[in-house]
Amino acid sequence: TLLSYFRDNIERMSGYIPGEQPKDGIYIKLNTNENPYPPSPKVLNAVKEAVNDNLRLYPDPIVTVARIKIAETLGTKPEWVMAGNGSDDLLSIIIRSFAGPGDKVVFPYPSYMLYKTLAELQDGNACAVEFNEDYSLSDDFIVEDAKVTFIANPNSPSGTMIPHSKISKIASAIDGVLVVDEAYADFAEDNCLSLVEKHDNILILRTLSKSYSLAGIRLGFCIAQEPLIQGMMKVKDSYNVDRLSIAAVVAALDDQKSMRTHVEKIKDTRNYLTKSLQDMGFFVYPSQTNFVLARCMKGVSAHHLYQTLKSRKILVRYFNLRRLDDCLRITIGTREEIDTLLKNLKELVDTKKHTKIRDACYH
């Protein structure tokens, strides 16, 4: 074997693999939970205006105007807010702030796979605790001496939700910090923001990627009590949010109406997709997000459906992982995109049924 320059834990890791972004051709893209509707026109104007001579200057390192706007929108204090280059940046700051080599980092399984990757980067002890069959949290989710506990709520890839009373109990029971990753909160009926006042070890994460249609502008933010925010400020990159993103977040939060309108459309389409998939024979987990997780019926291969849809220029997410390998995760696109997907799925599932009936007749 060649001499490796990497730390042992990096050498052993496989690394996080994001959903595929096609390089060519027109795809119906239902694999990375992007919003199918455009961002607010206010955002486009603000970003265009920010493209000026000031780009030669560094941005405000602590993004004051953005923090004021976020605090105002969510009913908290600017000192309780930190912004980052997408919420993945904040996840990385959190893990570097609170967990070192050998420290326990807890997260449920199956969930957002980046949590495991981040724990491995720190050479931490990644503790995956199995979700119950219905994606509720089991009682052994509390791990003694855990430095960081991650909960995506609503969860990805299941789309399911843990009630905030349960989250509050967990925060009281653990020793370390509890990170509630609320990337999909705007599509849900509830959220955990109110728990930040109550618990000094809770960090709530939000992003502009999903509900504000700004996955291409990397901006996420974290809400926590001031001592946590101040400590994390030492760990972040000096200028982790650029001028265009600062302009974008202020404008996006200024247009709640456009965000809400798109969220309502997505929720309507989500109900329509869920019912249509159930009618076809799929099991669909109850979703509070902008995607659904659909489990295939017996005798139908999720991987085969994924491959065939891809050959027809429709991308959905397939995870070759335990508990997920018989499922497809489908982002809620426009009504037209979802109709195209359903038409193709119906053909594929019906063909499968007919083949089975035909085979049975020949035997």
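Reader: Why is tyrosine 239 called partly exposed in this predicted model?

Author: Its relative accessible area is 39%, and since the partly exposed class covers values between the 20% limit for buried and the 50% limit for exposed, tyrosine 239 belongs to that class.

Reader: And why is tyrosine 58 placed in another class, buried or exposed?

Author: Tyrosine 58 has a relative accessibility of 60%, and because exposed requires over 50%, tyrosine 58 counts as exposed.

Reader: How many aromatic pairs are there, and what makes the one between tyrosine 58 and tyrosine 239 stacked or edge-to-face?

Author: There are 8 aromatic pairs by the rule applied here. For tyrosine 58 and tyrosine 239, the ring centres lie 4.3 Å apart and the planes differ by 5 degrees; a pair needs centres within 6.5 Å and counts as stacked when the planes are under 30 degrees apart, so this pair is stacked. The two residues are 181 apart in the chain, with tyrosine 58 in the loop between helix H2 (41-50) and helix H3 (64-74), and tyrosine 239 in the loop between helix H8 (226-233) and H9.

Reader: Why is the pair of tyrosine 135 and tyrosine 285 called stacked or edge-to-face?

Author: The centres of these rings are 5.2 Å apart and their planes stand at 85 degrees; because an angle over 60 degrees counts as edge-to-face, the pair of tyrosine 135 and tyrosine 285 is edge-to-face. This pair, too, links distant parts of the chain, 150 residues apart: tyrosine 135 is in the loop between strand S4 (125-130) and strand S5 (146-152), and tyrosine 285 is in the loop between strand S9 (283-284) and strand S10 (291-295). Both tyrosine 135 and tyrosine 285 are buried, and together with Phe131 and Phe283 they form one aromatic cluster.

Reader: How do you know where the charged end of arginine 323 sits?

Author: The charged end of arginine 323 is 5.5 Å from the centre of the tyrosine 135 ring and sits over that ring, a description that requires CZ of Arg to be within 6 Å of the ring centre and within 35 degrees of the ring normal. The charged end of arginine 335 likewise sits over a ring, that of tyrosine 272, at 3.4 Å from its centre.

Reader: What makes S9 and strand S12 the edge strands of their sheet?

Author: The open sheet of 3 strands has the order S9-S10-S12 with antiparallel pairing, and S9 and strand S12 (327-331) each pair on one side only. S10 and S12 are joined antiparallel over 5 bridges, where two strands pair if there are at least two bridges between them; valine 292, for example, has isoleucine 330 in S12 as its bridge partner. Helix H10 (residues 256-280) packs on this sheet, where it touches S9, S10 and S12, and its direction makes about 5 degrees with that of S10.

Reader: Which strands form the sheet with mixed pairing, and which are at its edges?

Author: An open sheet of 7 strands runs in the order S2-S8-S7-S6-S5-S3-S4 with mixed pairing, and strand S2 (81-84) and S4 are its edge strands, each pairing on one side only. From one strand to the next, the twist averages 20 degrees. Strand S7 (residues 202-207) and strand S8 (residues 220-223) run antiparallel and are joined by 4 bridges, and isoleucine 204 has isoleucine 223 in S8 as its bridge partner.

Reader: Why is threonine 117 called buried or exposed?

Author: Threonine 117, which lies in helix H5 (residues 114-121), has a relative accessible area of 10%, and because buried means under 20%, threonine 117 is buried. Leaving aside neighbours within four places in sequence, threonine 117 is in contact with Met13, Gly15 and Tyr16.

Reader: What does the largest nonpolar core consist of, and which residues have the most contacts inside it?

Author: The largest nonpolar core has 90 residues, and those with the most contacts inside it are Ile167, Leu178, Leu273, Leu277, Phe282, Ile330 and Leu341. Helix H9 (residues 243-254) gives the most to this core, with 7 residues. Beyond its neighbours within four places in sequence, leucine 341 is in contact with Leu30, Leu273, Leu309, Ile314, Val316 and Ile330.

Conventions
Residues numbered from 1 in each chain as written. Predicted model: local features only at pLDDT ≥ 70, side-chain atom pairs only at ≥ 80, totals over all residues. Heavy atoms only, no water. Core = buried A, V, L, I, M, F, W, Y, C linked by side-chain atoms within 4.5 Å. Buried < 20%, exposed > 50% of the residue type's maximum accessible area, 1.4 Å probe, protein only. Contact = heavy atoms within 4.5 Å. Phe/Tyr/Trp six-rings, centres within 6.5 Å; stacked < 30°, edge-to-face > 60°. Axes fitted to C-alpha atoms, helices over the stretch in contact; angles between N-to-C directions.
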